Amino acid sequence: MAGFDLITIGAATIDAFVWSKAFRLVKSRAFSTGVGECLSLGSKIEIDKFVLGTGGGGTNSAATFANLGFKTACLTAVGDDLFGQGVLGDLKTRRVASVLVQRIPGGQTAFSTILVVPSGERTILVSRGVAEHLSEKMLPRRFSAKWIYMTSLGGNLKFGRKIFSQAKKSGTSIFWNPGAKDLVLGAGRLKPFLKQVEVLDMNREEAMKLTGRPLGDLAGMLRDLDKIGSRLVLLTDGEKGAYLSEGGQLWRAHTHRHIKVVNKTGAGDAFGSGFLAGLIKYRDRTRALQLGVLNSESVIQKIGAKTGLLTNWPSKNKLAGVKVTAVAKS
Ligand SMILES: Nc1ncnc2c1ncn2[C@@H]1O[C@H](COP(=O)(O)OP(=O)(O)OP(=O)(O)O)[C@@H](O)[C@H]1O
Ligand SMILES: [Mg+2]
């Protein structure tokens, strides 16, 4: 296999965004959130607009790296169905290598339907399909890449073990944004992996799951994460920006105020992949954070997990417009 700058590992999905004024909010205890997004039973509903695109952490992150000129492959699974063809076609257009994409005979490609109400709130229907069953059998014998950008392993420790041992043998660095099923395994079982991770990336809820701290105890979470042994720890906090911790030092990247959020899908993937692209290119923590912020702010201003991702390296001025401050640790 030819050498890559990066191999991304994670889900590949087809996302269908659907808008209709006919989607009504109905308060009822029958729904876990207390409000249902409802339709009249038995009727035919006109939709106002729909948008189809690809999603999933594996392909979203690969799109950023390829956009910025890195030689990129995506390791993921699709079914031998129409949506699988759609994912493969999209990767090709984006110049992401698909040699590591498995087409599972008889399998279904992951599929999300996002039902958007006029206020912008949405309900997501998810079919995880074969993307949920990535396994060690899909790994090449050796990684021929400088970096692995990994999202959810679906809690498959055997898969994880093989990725980490092969990465060690081939001198490949690992970026990891673990998924919910990985995090429920607990810090104890994940520690052997996390010690080998160059960049660990989690949002606030994920950090809460891993550390067992309350959602409000950011300082405590960062303290716990420091001890886990990954070289760099990224903790993203939605519109409040993100933190980067390295040993004794802590930085905060601020988002721009007044960003008009059109659709948040893909924010986390855009931030993580933007950060890593910046770290590789600039070898500078501040500029990496700035690129993460710009890439994620850009994607949330468009519909779809990949629409809006940066397609060029931003100017020095643009980067410098993102405020990064050193934070005293509490
Ligand atoms: N409302 C917002 N305004 C500006 N930037 C945002 C907003 N929401 C997210 N971001 C940017 O995206 C980054 C990642 O967002 P977040 O912490 O919500 O991750 P996430 O929960 O993994 O996202 P996702 O919805 O993709 O799963 C943030 O650190 C921030 O830079
Ligand atoms: Mg996320």
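Let me start with helix H2, residues 82-93. It has twelve residues, and from its first C-alpha to its last it reaches 17 Å. At 1.5 Å a residue one would expect 16 Å, so the two values are close. Keep in mind that this is a predicted model.

Which residues of H2 are buried? They are Phe83, Gly84, Val87 and Leu91. These four cover an arc of only 110° around the axis, and therefore they sit on the same side of H2. The face turned away from that buried side carries exposed residues, namely Leu82, Gly89, Lys92 and Thr93.

What do the buried residues of H2 pack against? The list has one helix and several strands: helix H1 (57-67), then strand S2 (13-19), strand S5 (49-55), strand S6 (72-79), strand S7 (101-104) and strand S8 (110-116). After H2 comes Arg95, and its phi is positive, near 60°.

Next, the largest nonpolar core. It has 79 residues, and the members that touch the most others are Ile7, Ile148, Phe175 and Leu235. Helix H8, residues 267-282, supplies the largest share of this core, with seven residues. Take Leu235 from that group. Setting aside residues up to four places away in sequence, Leu235 touches Met202, Arg204, Ala207, Met221, Leu222, Ala242 and Tyr243.

Now to ligand 1. There are 20 residues around ligand 1, and those that come nearest are Asn203, Thr236, Glu239, Gly268 and Ser296. Two elements give two or more residues to this shell: H8 and helix H9 (285-299). H8 gives the most, with four residues. So H8 turns up twice in this talk, once in the core and once around the ligand. How does the shell divide by class? Seven of its residues are nonpolar, eight are polar and five are charged.

My last stop is Leu194, in helix H5, residues 186-194. Is Leu194 buried, exposed or partly exposed? A residue needs 20 or more C-beta neighbours within 10 Å to be buried. Leu194 has 19 inside 10 Å, so Leu194 counts as partly exposed. Apart from neighbours within four places in sequence, Leu194 is in contact with Leu200, Ile228, Gly229 and Ser230. You can also check a distance on the screen: Leu194 and Gly272 are 78 residues apart along the chain, and their C-alpha atoms are separated by 17 Å.

That is all I have.

Definitions and conventions
Residues are numbered from 1 along each chain as its sequence is written. Chains are lettered from A and ligands numbered from 1 in the order in which they are written. This is a predicted model: local features need pLDDT of at least 70, side-chain atom pairs count only at pLDDT 80 or more; totals for chains, interfaces and linings use all residues. A nonpolar core is a set of buried Ala, Val, Leu, Ile, Met, Phe, Trp, Tyr and Cys residues joined through C-beta atoms within 7 Å. A residue is buried if 20 or more other C-beta atoms lie within 10 Å of its own, exposed if 12 or fewer, and partly exposed in between; C-beta atoms are placed from the backbone. Two residues are in contact if their C-beta atoms, placed from the backbone, lie within 7 Å. A residue is near a molecule or strand if its C-beta atom, placed from the backbone, lies within 6 Å of it. Ala, Val, Leu, Ile, Met, Phe, Trp, Tyr, Cys and Pro count as nonpolar, Asp, Glu, Lys and Arg as charged, and the others, Gly among them, as polar. The arc is that of the directions from the helix axis to the C-beta atoms.
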